[in-house]
Structure formats: C-alpha cells, structure tokens
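Work through the exercises below with the structure open. Try each task before reading its solution.

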Amino acid sequence: MSPQKRVKNVKAQNRISQGSNSFQTTLSAWKVKQGPSNSKNISKHGQNNPVGDYEHADDQAEDALQMAVEYFEKGPVKTSQNKDKTLEKHLKTVENVAWKNGLASEEIDVLLNIALSGKFGNAVNTRILKCMIPATVISQDSVVKAVSWLCVDKCSGSTKVLFYRWLVAMFDFIDRKEQINLLYGFFFASLQDDALCPYVCHLLYLLTKKENVKPFRVRKLLDLQAKMGMQPHLQALLSLYKFFAPALISVSLPVRKKIYFKNSENLWKMALLAVKQRNQGPSPEPLKLMLGPANVRPLKRKWNSLSIIPVLNSSSYTKEYGKKEVSLSDCLNRSGSFPLEQLKSFPQLLQNIHCLELPSQMGSVLNNSLLLHYINCVRDEPVLLRFYYWLSQTLQEECIWYKVNNYEHGKEFTNFLDTIIRAECFLQEGFYSCEAFLYKSLPLWDGLCCRSQFLQLVSWIPFSSFSEVKPLLFDHLAQLFFTSTIYFKCSVLQSLKELLQNWLLWLSMDIHMKPVTNSPLETTLGGSMNSVSKLIHYVGWLSTTAMRLESNSTFLLHFILDFYEKVCDIYINYNLPLVVLFPPGIFYSALLSLDTSILNQLCFIMHRYRKNLTAAKKNELVQKTKSEFNFSSKTYQEFNHYLTSMVGCLWTSKPFGKGIYIDPEILEKTGVTEYKNSLNVIHHPSFLSYAVSFLLQESPEERTVNVSSIQGKKWSWYLDYLFSQGLQGLKLFIRSSVHHSSVPRAEGINYNNQY
Amino acid sequence: MDSYDVPESTPSASSRPEDYFVGATPLQKRLESIRKQTSFIPTPPRRKVPQCSQLQEDVDPQKVAFLLHKQWTLYSLTPLYKFSYSNLKEYSRLLNAFIVAEKQKGLAVEVGEDFNIKVIFSTLLGMKGTQRDPEAFLVQRLILSPRLECSGTILAYCNLCLLGSSDPSTLAFQVAGTTGACHHTRILSKSQLPSENREGKVLWTGWFCCIFGDSLLETVSEDFTCLPLFLANGAESNTAIIGTWFQKTFDCYFSPLTINAFNLSWMAAMWTACKVDHYVATTEFLWSVPCSPQSLDISYAIHPEDAKALWDSIHKTPGEVTQEEVDLFMDCLYSHFHRHFKIHLSATRLVRVSTSVASAHTDGKIKILCHKYLIGVLAYLTELAVFQIE
C-alpha cells in the first residue's frame, strides 16, 4: 500500500469512526477497528442507501485530495502550460477538505514540509499554512521537521511569522511535546528577530517548564527588555520565569493589563472549534498558568491583594532560599514534589498527596476544592495553624462592624463570608477561626448586616460543651433574639436546627469510629449527650418565650416544630441514646392551634417520638448491661401524658379529663355548653372545615350540615377523606397510637398505654 | 470558589470529630484560651511597673538610639512560617528586587542586581524580654546617594534649615507636601544612620520584635517564628510593599494595631509610675469630643512631677499597677478637670497620651523617648499585639 493510499484509508476510517461516535486518533486504534469498517464497506455496496452516496461523494473528494498532495509533493511542473490553473485547482481541493474535515497528520506532515521548503511562491506557502487544520492531532515529528526548515532559511519572514502563529494556535493539538521542548534553545534564540518576537514569546510561554528557566536566559530576556522596553508579551514571559524561579527574577504586572499576547488564533477560530469538537474525547487539559497581577495595593484601607483571598501559588519561593544548605532529602523532595498549578483532579490529589507543594499563602485553599480536601484530612499542624491565623486575622480585619467606619466594604465582606460558608458546607465541618470570630464579634453585632451569613456560621460551630459556649455565644444571641422581629427569630431557630443536625452528625460518626473512652473535652458519651440535651432544652426555652412574645404565631410555630422534627428522631436516625420531649408551652400551643398543618406536623412528631421510645425500650430489654443510657421513666411518663392529651383531644372527645386539666368552673365560664365534645377530629377548630367540606361532598344539596352526624361507618370514611387531603402525619399518628375496633365509635378505642 | 465535584454530605467529616475527644490539638488549646479571654476581662487586672533598663548588655547602643525619638506605626503580626535568621542576606536580595519591580510596574528586574535602592536586614541582638523570645530584627530601605546629585541634596537641606522651626513634627508637616527631594532631606535631617551604611539615606525602617511573648510561643511549633509586634516608620506605600512581601513569603498577616482608650489609660498610669531622672516632656493627655459640625479636642497638660506625685498618693502595691489604681488615677484627673472647667472628661474619648517615657496615639502610633524603659514599653505593646492575633 502506498503511503498516499494508506492516508486515504485512514481518512475514510476516521469518518466512519465519527459516525459511530467513538474517539480515535492513531493508526493502531484503526487496526483494532478494522472489523466494523469492513462491514460498513459491505453495506455500502447495496446501492440503495443514501449514506452510501454521501460516502461516495466524499470518496471522490478524497481522491482529489490525494492527487493534490501528490502534486505538491512532486513540485511545480515547469513545462506545463496551464500550470497556474492546476495549482489553483489543487490548492482549492486542499483548502476545501481542510476547512471541512481537517487533514490527517500525514497530510499535514507533507504539506507543512512543502510550505516551509519554499518550493512554491510566498502566496502559495501562505495559503497552504493557513489551511493546516488537523482532523484530530498533529504529530510532533512534523513540527520538528518544519522547524528544521526554518533553520535553513528557505522561507520568507512573513511565512515564518505565520508558521509561529499557526504553532501557537495549534499547540494544544500537537500529540506530544517532549521533542519540541528540546528545541527550546532554538526558539529562544529566535526572540532576537523583532518581527517574530511576540509570537515566539507566546510559544515559549506555552512551552516553558521549570527546567528551561536558566540564569543566562533570564539575563538575555532582561537585555531584550532593556532594548525594547515594556512589551506585554515579554512581560508575560518574564512573569512566567519569575513564577518558576523567584530567586532569579522579580516582576510585578500592572493591575489593569489583561491581554498579553497578540491573538494568534483568530485566523483559525472556526477551525479550532471544529477540531475541539472532533477531539471531544479525553484530550489532555492544557496547562495554562494564571497571569495574576501583582498583589500590592497601596491603598490606605488595606494592602492585602485585590481580592481578600490570596492567589494560589506554590511555595517554591520559600524553598529556593536555603541554597547553601540543601540536604539530600531536600533534593529528593524537590524533584518529587508536585506543583499545585498542575493539580486538576481528585485522583491526581490522591496520587500525590504525600509530595504536594503547599501554597505559599494558606488562605488560597479556600478557593480550591481539592486543597480543601487536603486541609481536611491532613494532620500536619503547621498547615492548619497557618490557615487558622490567616482566616481569623482576615475575618477580624474585614468584619464591617468589628471596626468602626468600615461599612462601605459590606458587599466584599458578605461575599467573603459566603465563600467560607460554602467551604464549610463542602467539608461538612466548621473552622475554628470562625468560632473564635463569632465569640469576638457577636457581642458587637447589630443583628442586621450579613444576617444570613452570620447565622450560618453559628450553625457550623464545631461540637463542644454547651455550658462553655453558652455565655460566649447563646446569651448574646438570645438578647438579639428577644428584641428582634419574628423573621429574625425564625432564622435563628433555623440555624439552631442546623447546628443541632451538625452536632448530631459529628457525634454519630464519632461513636462508630471508636469507643468513646478517653476524651479531655467531654469525659463520656453521656457528657456529650448532656451537652446536646442542654442545647435542645435551651432552644425549648427560647421557643416558649418567643411564642409568648409573638402571641402564638403560626409562622413561628412552624419553625419550632421543624426543630423538634430533628429532635424526635435522634435515637433512630443518628443512633444516639437521647430522647428529649418538647416543653408543654410548645406542645399545647400546637395541639390547640387553628392551623391544620401545625396539628399534622405535631402528629407526625408524636409518631416519631413513639417510634424512638419504642426502639429504645426494646434495646433496653435486649441488653441489660448498658444501663448508663437508660431513659428515665420520667421521659416515658411525660410522653404518655402528652399522648393522653392528644388522643383525648383528637379521638375520644375527652379533652379535659386525663390530659389537660382545667378547673370545671373556668370551663363553665366560657359558655360553651358541650365543652366535653368540642375537641375531637371533627370538632377541633382546625378540622371543622374539613368535616364540613366532607359532608358537603357527600350531599351537596344540603342546606344545613350537622357535623355530629359523622359516626359509625361515616367516621372511617371521614378519616380516609382526611388522609386523602395530605394529612400524612395524622394518618401515621392514628395508625400507630389508636387501635380501633370494627365498631368505630369514639368510646370503642383503647389507646395504647404500654409504658 | 470553583465547582465542587463531589458534594457529599457526610463522609468527609469522618476524619475530624475525634479531634474533639482525642487529646487537645494546639488549635483546640488556642480556642480554649480564646474562650477564656472573651469571657473575662480582656486584660489582667494587674501588671508590673516597667523596671529600669532590662536591656541586655550586648544591645548595640547606637541601634537603640536609632529606635528612640521616632514615630512608629504599630502592626500586629501572626507568626512567620519558615523564617530563618541565617538567610537574612538572601531575604534582603529578594526583597530588594521585589521592591524595585513593584516601583517600576511591569518591568522585570534581576534578583541581586545593583540598584540605587537597598534593603538591609539586621538583627537587634538582645532585644528581648526572656531568653525564649525570638531575636528582634530590623529592616531598612536605603537610597544610595548618587554622587552627581550631591550638591542638589545639600541645597535642599539648606532650604530646609531656612524654613527652620524648632519643632521637628511641624517641620515634617511642612516639608511633606513639597517635592521628593525635600522628602529625602527630611529623612536625612532626622535619622542617625547605623554605622555600617554611611553611604545611604534611610527611606523606611521597620522592625519586628517579641518581648515577653510567652503566651504566644507556647502555642506554636518550631516552624514558626513569633514576632507579634511590628513597628514601621516611613511612607505607608513602602510599608505596604514590604508587608506584602513578608505576607507572601512567610504566610503571615499584618494588621494595624490600634490602642483603645482603656489601654491608653493603662499606659498613662504605667508610664507615670516610671522613675525618670530628668523629665524631657510634660505629661499630656488629649481627649476628643465627637460633636458636630467639627470635633473638639481637649488637651490637658500636667507637669510630670505633679503627675508622679498624684500617682504616688494613689499607688499602694509596690512594683505593680492594678486596675483599681488606674481607674482611680484617671478619676482624679477627671475630677480635677471638672472642678475647673465643668467638663466631664469621662464622657469623651481619650485619644493620645504622652509622657516622658513614651507617647502613644489611639491610631496605633507610638514614640518612645526614654532609653531606660524601652523594653517595658515594648512588653506592653507585645501583649496588645498578641491579644489581637489570638
């Protein structure tokens, strides 16, 4: 098979493989794929399919391209009369194919050779170079060959410029770069050429590795800078050099400058997009370093960089100093260390976690999720300490109410807090610095600015002894809580709920990690449980008082019950031996609420309490040894009391017998004649409307409805109606706590009193 | 923040909770101390009266003289990571190149090249309270006088003399607004240069120290150098550049250290309590009344011997100053003032205190006058700086 023939086959194969949506660039891959391609060819012979025609047309184009490439390879035929015409025809062919499908790497190899060897005129070379668009990749060897043509100086200056522009634009599509990097010295020497300089700078910028940065090159570049003045392309290259060798060179880029290189890509913009699409497989991520402006801001307010969070920079800076005392281990470390700038994926982090170069300023990890992972699992104390110091100082400096007259930077501070909270949510744990910051700044907080951020920080306070944290934090928070609006109260309750959840998560993880025996903070699991229960009681106290202040607002009650929805499930959900019931102030407010959804939520919570207590009881019976965490009978009694009241109010119509006790004289005074029957699942004020609409549904023409008529069979239909209205909590509660016989009269049930 | 690829809910927390139970980590300890600090009064209720010169003998007297009679702006500084006293030469080369690069934005410079600007690091041997305190060090930015411009400079200097004023601070004020040449001259007229750099003029000076910084030293490992107090003299822009370099290189954090009225009254009491052989300045207090349209300043000068007499009548525990004594001292001053002017000074804000030992402004400016009590003054400032970074 002649080379050209092979090329053609590769082309065809490429097209087919695109059709089957698989990624393929090399010949070896093609061989594996031979099977399907053959079958395709066979099917092509059945002339009746339209794809075949298309393929056929393409095949013709292939042949034309083949001829064109051969023509160029042979060189212009001097004698031929219509030489220009032929040339034009072949050029057109190449251009068409290139812009449509791209050229195979072999074709590029041939044509690149021709363009730079100067066989044809300048105009032709330019046209050929402009259409050197790869189908998928360009082989490294063709580039090396092309560069060797530059050395013999056969082509004009403009062709050289175009070649460099092409090289920069196509840099990402070159399959490998080791050989090209070996030519670094040659490229570097081309900087001398004024016309080439900007493009060569760009190329070097893409090509430079740490080992390419040598003192003599630094000096050469500085000479060039002295000669040409401040050129943006030179600045960019110099700052890259500084990045690799801060001990050799220092440069600070102007703040406003954004573009450092002339755009080499705009000649091929559309083509590049097409190639990228064709390559959409696992193309290697090009390593582009950030050209950050210098970080000094000589403003009065602060001189700490443009953004609050420092730019990620690996700490090669610090390492370079001790040159005289380089030990063997240092050498080994340096060669093996993994620069942060290349860290792009989690697997990379795992592979290099032992030899990661840490950032020179620890604060920069806040913007990098991978390094946050690292911070989270590292046991290295200096790392944590650096981060701690940075964060607490920054918070203190930036906090707008901590220092007076700083309010104009509120937005910046809010964003900063948001970043911290995102990081905390990501790691699922709070930072110590934030806790310290809360202690210092909460007494001065007005409860208004950055409210949501601030309260979120509260919810991420690491688990600690409640009685220790209370005077520092919760007492101050309580003052604000009682004096602020209902919305503030609700958001505080919300964040306390999240705090409880976070604490429970930590504790439940901790129990499964190891037996809790030796701990300085909380001596036993009992101790930490005690802390959690204190928190719950505290919130109970807050909510009871808040209910009174806000005159039993339903809105507030929703948030309170949300909190208790977490509380009631501690035993089962987190496997922690703790059941704390709600205070009576909350229970009765919810039970006698006019809002059905509140009652429904209450039913659900009671149902979950029941499940938890039953599970606890069962466990106690199974293992008698672990008596430390047995719940006192008081908890059960309390629950039974609540249960009695609830069943009395919802089911047995005996509201004021066993549960709530109210002096009969007072009840007489209310003027309600039949107070005994006025509270059950029909007459309860929040259910009354359901009962009415249930009856209306039964008999729409009825003028007057008698809700007391819901009895017997109707009672259970009514219940089904209620359940169908989305009162799932009620359903669960009644199913679990009320056993009713086949004769469903209210008297006929005996509520479960097993405790 | 960039996109998180695995927003998992719980597993990542698994590594940490044991921290709260297994042995207290240094961070844990630090948090404990913060809790204590915030729950009680921020400063201990009693302190020692600054003792007579605790300076150790090997301190270069010339360097000490260089530190006195200058206004320093105070900063607190978190511990320096991987700072090494043996690399000071290298640091000065790097910092020098950094400054030059910053000054000529966009133009790269080679490290180690000769510039007309020079940065010098030097240690202040013996400037410490206890043996454990790390060595203090001084950073100076000099401008090397180019020979050709010599005469011009001298001329400027002469001009300056003609402007003549006995008060150096008003002199500085007058000149600061004029040309750069004069700016340099001002520096020349005020600084006594350390012996080794006779050829240069000091543009900017900053020094790092730690006097009795035990509480901080206990909580950090040996990778860190604790020099919580930083004092700078010179243009703010220079402080910014040099501070940025330190922050980037040693991962530390500078923040301005202000002195609140509470601490100023402590300073007033402690410095009045110092025995001074001959008083060089009156004891003076400055209060600020925030009233519209413009604020009102009340200056209150007392003969230092009277102030000392007042203090002696209050003072009970020898060698110590207590919170009650400080309060009483200030109350006496207030009531005396009220008797004469019917103004309640306690309702205003104390802004500046100046005594023969030192003077301090609430903005974090300090000037130390008395050689004997240098360490004593710095010890208190170190305490304030440590409090700020903890």
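**Exercise 1. Handedness and geometry of a helix pair**

Determine the handedness of the crossing of α30(A) and α35(A), then work out how the two helices are oriented and which residues touch.

*Solution.*
- Step 1. The crossing of α30(A) and α35(A) in this predicted model is left-handed.
- Step 2. Take the geometry. Helix α30 of chain A spans residues 596-622, and helix α35 of chain A spans residues 728-737. Their axes lie 7 Å apart, at an angle of about 40°.
- Step 3. Classify the angle. Roughly parallel requires an angle under 35 degrees, and roughly perpendicular runs from 65 to 115. The angle of about 40° therefore makes α30(A) oblique to α35(A).
- Step 4. List the contact. From α30(A) come Asn600(A), Cys603(A), Phe604(A), Met606(A), His607(A) and Arg610(A). From α35(A) come Gln728(A), Gly729(A), Leu730(A), Leu732(A), Phe733(A), Ser736(A) and Ser737(A).
- Step 5. Sort by class. The contact of α30(A) with α35(A) has six nonpolar, six polar and one charged residues.

**Exercise 2. A second helix pair**

Find the angle at which the axes of α7 and α9 of chain A cross, and describe their contact.

*Solution.*
- Step 1. Two numbers are needed. Two packed helices are described by the angle between their axes and the distance between the axes.
- Step 2. Locate the helices. Helix α7 of chain A covers residues 122-130, and helix α9 of chain A covers residues 157-169.
- Step 3. Read the values. The axes come within 10 Å and cross at roughly 0°.
- Step 4. Classify. Angles under 35 degrees count as roughly parallel, so α7(A) and α9(A) are roughly parallel to each other.
- Step 5. List the contact. α7(A) supplies Asn122(A), Asn125(A), Thr126(A), Leu129(A) and Lys130(A). α9(A) supplies Ser158(A), Thr159(A), Leu162(A), Phe163(A) and Trp166(A).
- Step 6. Sort by class. The contact of α7(A) with α9(A) divides into four nonpolar, five polar and one charged.

**Exercise 3. Positive phi outside glycine**

Place Ser551(A) and Lys82(B) in their loops, and decide how exposed each residue is.

*Solution.*
- Step 1. Recall the background. Most residues other than glycine have a negative phi.
- Step 2. Check the angles. Phi of Ser551(A) is near 45°, a positive value. Phi of Lys82(B) is near 55°, also positive.
- Step 3. Place Ser551(A). Ser551(A) sits in the loop between α26 (525-549) and α27 (554-567) of chain A.
- Step 4. Place Lys82(B). Lys82(B) sits in the loop between β3 (80-81) and α3 (88-103) of chain B.
- Step 5. Apply the cut-offs. Exposed means over 50% relative accessible area, buried means under 20%, and partly exposed is in between. Ser551(A) has 62%, so Ser551(A) is exposed. Lys82(B) has 43%, so Lys82(B) is partly exposed.

**Exercise 4. Two loop residues in chain A**

Describe the surroundings of Val705(A) and Lys262(A): loop, exposure, contacts and one C-alpha distance each.

*Solution.*
- Step 1. Val705(A) lies in the loop between α33 (685-698) and α34 (713-724) of chain A. The relative accessible area of Val705(A) is 33%, so Val705(A) is partly exposed.
- Step 2. Leave out residues up to four places away in sequence. Val705(A) then touches Val692(A), Leu695(A) and Leu696(A).
- Step 3. Take the distance. Val705(A) and Lys617(A) are 88 residues apart in sequence and 46 Å apart, C-alpha to C-alpha.
- Step 4. Lys262(A) lies in the loop between β1 (249-250) and α15 (269-278) of chain A. With a relative accessible area of 54%, Lys262(A) is exposed.
- Step 5. Apart from neighbours within four places in sequence, Lys262(A) is in contact with Pro198(A), Tyr199(A) and His202(A).
- Step 6. The C-alpha atoms of Lys262(A) and Pro215(A) are separated by 27 Å, with these positions 47 residues apart along the chain counted as their separation.

**Exercise 5. The two chains**

Summarise helices, strands, burial and domains for chain A and chain B.

*Solution.*
- Step 1. Chain A has 35 helices and three strands. Chain B has 12 helices and 16 strands.
- Step 2. In chain A, 52% of the 755 residues count as buried. In chain B, buried residues make up 53% of 390.
- Step 3. Chain A divides into domain 1 (84-267), domain 2 (344-446) and domain 3 (681-738). The C-alpha centres of domain 1 and domain 3 of chain A lie 82 Å apart.
- Step 4. Chain B has domain 1 (50-145 + 199-256) and domain 2 (261-363). Their C-alpha centres lie 32 Å apart.

Definitions and conventions:
Residues are numbered from 1 along each chain as its sequence is written. Chains are lettered from A and ligands numbered from 1 in the order in which they are written. This is a predicted model: local features need pLDDT of at least 70, side-chain atom pairs count only at pLDDT 80 or more; totals for chains, interfaces and linings use all residues. Side-chain values use heavy atoms; hydrogens and water are left out. Axes are lines fitted to C-alpha atoms, for helices over the stretch in contact, and angles run from 0 to 180 degrees between N-to-C directions. Helices (H or I, at least four residues) and strands (E, at least two) are DSSP runs, numbered from the N terminus. Angles under 35 degrees count as roughly parallel, over 145 as roughly antiparallel, 65 to 115 as roughly perpendicular and the rest as oblique. A crossing is left-handed if the near helix is turned anticlockwise from the far one by less than a right angle, and right-handed if clockwise. Contact means heavy atoms within 4.5 Å. Ala, Val, Leu, Ile, Met, Phe, Trp, Tyr, Cys and Pro count as nonpolar, Asp, Glu, Lys and Arg as charged, and the others, Gly among them, as polar. Domain bounds come from an automatic or database domain assignment. Buried means under 20% relative accessible area, exposed over 50%, partly exposed in between (1.4 Å probe, protein chains only).
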